[in-house]
Amino acid sequence: MTDGADRFLAATRCEKSDTTPVWFMRQAGRSLPQYRALRRRFSFMELATTSDLCVEVTCLPVDILGVDAAVVFADIMLPLQGMGVAFEIREGVGPVIRKPLSSQPEVDNLRIIEAEEATPYLFPAIRAARERLGRRAALIGFGGAPFTLACYLVEGHGSRDFPRVRTLIHSEPEIWNRLMTTLTEVSARYLSAQASAGADVVQLFDSWVGVLDRATFEVHVAPHLQRLLERLRYLVPVIYFSTASAHLLDGIAAAGPQGVSIDWRLPLGEAWGVIGPHRFIQGNLDPALVLAPWPVLEAAALGVLSEAGGRPGHIFNLGHGVLPASSPEQLRRLVDLVHEKGAGKPS
Ligand code: 1CP
């Protein structure tokens with residue numbers, strides 16, 4: 001049997017292996033009882049910024065669920081600390097920025113420092129997790145894409161459709177451009193440093209880019225994304241993740257990520273038709289179906305595999321993060337099903 005790391009990395013090169021690799025976004029910090037027990041003793045920030053605890057949480061899902069990749073336990077907001085942005089992670093709410101940005105001087109004051117200085121706890125954790133995982137599982141580093149980071153910086157907190165951001169882009173395009181240029185530089189350093197420390201792949205979370213219309217994305221976001229992906233091209237494969245963004249998919253592919261994560265709204269075969277067969281694809285089971293009775297979940301998961309059509313270059317995942325109410329037993333069963341019925345297995 002092929003090891004998880006090799007199975008996963010083969011898919012990122014669109015090469016065949018013994019079966020389809022699988023992992024889940026937010027697999028560590030949500031539904032696992034072992035994580036919840038740790039959270040009773042430590043805050044989210046303590047878990048993420050204490051290297052030993054970070055390694056523990058990162059590796060939990062590989063042991064418990066049998067997934068082929070671990071995702072570093074961190075948050076997209078962490079590198080903002082090094083930029084001089086004060087925020088807190090509020091229970092049940094998410095990140096809240098103390099002073100949202102709106103003016104040129106505020107954007108000019110953002111600091112660009114080395115990633116090792118901004119998030120010193122992260123890189124020893126990546127090195128230790130890489131060593132602990134061996135070939136059992138690949139290690140995925142990640143960061144927020146510049147647009148999604150800008151959403152929090154400008155809006156100040158999560159939002160359904162980020163109206164302040166959409167106003168700023170069009171009324172103050174120079175401020176916006178400066179902000180995106182700074183965030184692109186910070187992200188390039190942050191993700192390169194994760195690759196150097198041992199992350200096999202990095203995922204760029206652009207969770208909220210789907211709020212934009214196509215023209216705004218093309219003019220005000222895509223050029224920054226393209227520059228960021230160019231900086232990473234020869235260092236590490238990148239998975240670009242977004243949701244509700246089918247209307248942007250051709251522009252996303254043109255920006256140049258090696259892999260694209262697709263949410264449940266678009267069938268995988270159709271998405272592949274847009275991004276081209278030379279890119280790997282990740283997805284795309286509706287996370288709500290993990291809460292459904294097993295026969296419903298099983299049928300939907302087999303449907304995703306059938307959409308992938310046995311092509312190499314499919315990484316099975318949900319279309320967005322694991323919902324907190326998901327049962328670990330159901331997730332474990334799903335991993336086993338994907339391994340048993342994935343590409344290359346007799347049907
Ligand atoms: O398995 C894991 O949990 C991996 C670690 C991980 C990842 C990949 C965390 C830990 N956060 C993230 C990425 C992240 N953070 C994204 C992109 C993914 C996505 O779209 O879901 C986003 C948008 C955030 C911002 C964020 N941080 C939110 C969402 C708020 C909103 O605007 O809707 C929340 C709730 C957080 C806090 C956070 N980050 C991670 C955890 C486990 C938590 C909850 C803290 C706790 O345990 O109370």
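**Figure 1. The residue just after helix H11.** Welcome to this predicted model; our tour opens at Gly198, the residue that follows H11. The phi angle of Gly198 is positive, near 130°.

**Figure 2. Helix H11 from end to end.** Stepping back along the chain, we meet H11 itself, which runs over residues 173–197 and has 25 residues. From the first C-alpha of H11 to its last, the helix reaches 36 Å. That is close to the 36 Å expected at 1.5 Å a residue.

**Figure 3. Where H9 and H11 cross.** Here H11 is shown with helix H9, and the axes of the two come within 9 Å. They cross at roughly 120°, and angles over 115 and up to 145 degrees count as oblique, so H9 and H11 are oblique to each other. The crossing of this pair is right-handed.

**Figure 4. The largest pocket.** Now for some open space: the largest pocket has a volume of about 1,300 Å³. Its lining is made up of 44 residues. If you would like to find the middle of the pocket, look for Arg26, Gly29, Arg30, Asp75 and Gly94, which lie nearest its centre.

**Figure 5. What lines the largest pocket.** Helices H2 (33–41), H3 (44–49) and H9 (146–155) each give two or more residues to the lining, as do strands S2 (87–90) and S3 (94–97). The largest share, four residues, comes from H2. Sorted by class, the lining has 24 nonpolar residues, along with 10 polar and 10 charged ones. You may recognise H9 from the crossing with H11; here H9 appears again as one of the elements lining the pocket.

Note on methods:
Residues numbered from 1 in each chain as written. Predicted model: local features only at pLDDT ≥ 70, side-chain atom pairs only at ≥ 80, totals over all residues. Heavy atoms only, no water. 1 Å grid on protein atoms, 1.4 Å probe; cavity = no way out; pocket = protein on both sides within 12 Å on 5 of 7 lines; lining within 4 Å. Points joined across faces, edges and corners; volume = space filled by probe spheres on them. Nonpolar A, V, L, I, M, F, W, Y, C, P; charged D, E, K, R; others polar. Expected span 1.5 Å × (residues − 1). Axes fitted to C-alpha atoms, helices over the stretch in contact; angles between N-to-C directions. Parallel < 35°, antiparallel > 145°, perpendicular 65-115°, else oblique. Left-handed = near helix turned anticlockwise from the far one by under 90°.
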